[in-house]
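I opened my notebook with a simple plan: look at how the pieces of this chain pack together, one contact at a time. Here is what I looked up, in the order I got to it.

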Amino acid sequence: MNNPFDRSVRERRAIRAFRTDIVISNEELLDILELARHAPSGSNAQPWRGYVFRGGARDRLVDAVTQAYDLRSQDVPPEGGIATAYYPEQWFEPYLERRRQNGRVLYEALGIARGEQEAMRRQHRRNFEFFGAPVGMLFTMDRRLGGGSFLDYGIYLQTLMLAAKSRGWDTCPQAAWNLFDDAIRPVLRTAQNESVLCGLAIGRADTTAPENCIRITRRPVKDIVHVLDS
């Protein structure tokens, strides 16, 4: 644990409540982005494209998407971005139980009981406020790129989040934003082929918030890696 890189990997987690009184500067954020751009990608395609929102620009984005969220019925399929099918149509084991455990831990910490759909919906809505972070980012990708670019993007985002953590900043990667590509597009004025992939909240964690005190378990190495030597 004395290795700085090891600490960043182990201590990084998705933060769902941020302090509003501490704001990352443009200079600090650009330093993090400068490091993240060195992430590898197949054929050096570098499929990532990011947008930083702070101040009035952040407020306009949040207003546009939370209004769209409030108006959209849960029964209406989303007109989302390039990664709308982020999850499988039907969950199955062992992934179903992992998902359920993740939800149980979070909602228990928040005091939300099973079946309290309105409370769950309010919590989900906080995604589109960047969980209170004064600075948020959206990432887009060209729809014409292949599936390998999603892998490249994951490597890039992990590099960015670890770079932020190593400098004392917390993050929350947010796939939820890609569900509202239709509401975001007028704000970004993106090209026709450019589609929202995800969002990222960045700031300083509110350590008093119960949702930031939870710990989600990871599978042991023996369950996920198999050594073949004969």
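**Entry 1: two helices.** I began with the crossing of H3 and H5, which is right-handed. This is a predicted model, so I keep that in mind for every entry below. H3 covers residues 55-71 and H5 covers residues 117-125; their axes come within 11 Å and cross at roughly 160 degrees. How are the two helices oriented to each other? An angle over 145 degrees counts as roughly antiparallel, and H3 and H5 are therefore roughly antiparallel.

Next I listed who touches whom. From H3 I noted Thr-66, Tyr-69 and Asp-70, and they meet Arg-121, His-124 and Arg-125 of H5. Sorted by character, the residues of this contact come out as one nonpolar, two polar and three charged.

**Entry 2: the inside of H5.** Which residues of H5 are buried? I found Ala-119, Met-120, Arg-121 and Gln-123. Arg-121 caught my eye, as it is buried and also takes part in the contact with H3. The cover over the buried residues of H5 includes H3 and helix H4, residues 95-110.

**Entry 3: the loop after H5.** I followed the chain into the loop between H5 and E2, where Asn-127 is found. Is Asn-127 buried or exposed? Its relative accessible area is 12%, and the cut-off for buried is under 20%, so Asn-127 is buried. Setting aside residues up to four places away in sequence, I saw Asn-127 touching Gln-174, Ala-176 and Trp-177.

**Entry 4: the sheet.** I then traced the strands. Four of them form an open sheet in the order E1-E2-E4-E3, with antiparallel pairing. E1 and E3 (170-174) are the edge strands, each pairing on one side only. From one strand to the next, the twist averages 25 degrees.

I checked the pairings of E2 one at a time. Strand E1 (residues 49-54) pairs with E2 over six bridges, in the antiparallel sense. Along that pairing, Val-52 stands opposite Met-137, and Phe-53 stands opposite Gly-136. E2 is joined to E4 (residues 194-203) by eight bridges, and these two strands run antiparallel. One partnership I wrote down is Asp-142 with Glu-194 in E4.

How enclosed is E2, residues 135-142? Seven of its eight residues are buried, so E2 is largely enclosed by the rest of the structure.

**Entry 5: helices across the sheet.** I looked for what lies over the strands. H3 turned up again: it lies across E1 and E2, running at about 105 degrees to E1. Helix H7 (residues 181-188) lies across E1, E2 and E4, at about 80 degrees to E4.

**Entry 6: back to the early part of the chain.** My last stop was Ala-14, in the loop between helix H1 (4-11) and helix H2 (26-36). Ala-14 has a relative accessible area of 25%, so I put it down as partly exposed. What does Ala-14 contact, leaving aside its neighbours within four places in sequence? I found Thr-171, Cys-172 and Pro-173. Ala-14 and Thr-171 are 157 residues apart along the chain, and their C-alpha atoms are separated by 6.1 Å. Those contacts bring me back to the sheet, where E3 spans 170-174 and is one of the edge strands.

How values were computed:
Residues are numbered from 1 along each chain as its sequence is written. This is a predicted model: local features need pLDDT of at least 70, side-chain atom pairs count only at pLDDT 80 or more; totals for chains, interfaces and linings use all residues. Side-chain values use heavy atoms; hydrogens and water are left out. Axes are lines fitted to C-alpha atoms, for helices over the stretch in contact, and angles run from 0 to 180 degrees between N-to-C directions. Helices (H or I, at least four residues) and strands (E, at least two) are DSSP runs, numbered from the N terminus. Angles under 35 degrees count as roughly parallel, over 145 as roughly antiparallel, 65 to 115 as roughly perpendicular and the rest as oblique. A crossing is left-handed if the near helix is turned anticlockwise from the far one by less than a right angle, and right-handed if clockwise. Contact means heavy atoms within 4.5 Å. Ala, Val, Leu, Ile, Met, Phe, Trp, Tyr, Cys and Pro count as nonpolar, Asp, Glu, Lys and Arg as charged, and the others, Gly among them, as polar. Buried means under 20% relative accessible area, exposed over 50%, partly exposed in between (1.4 Å probe, protein chains only). Two strands pair if DSSP finds at least two bridges between them.
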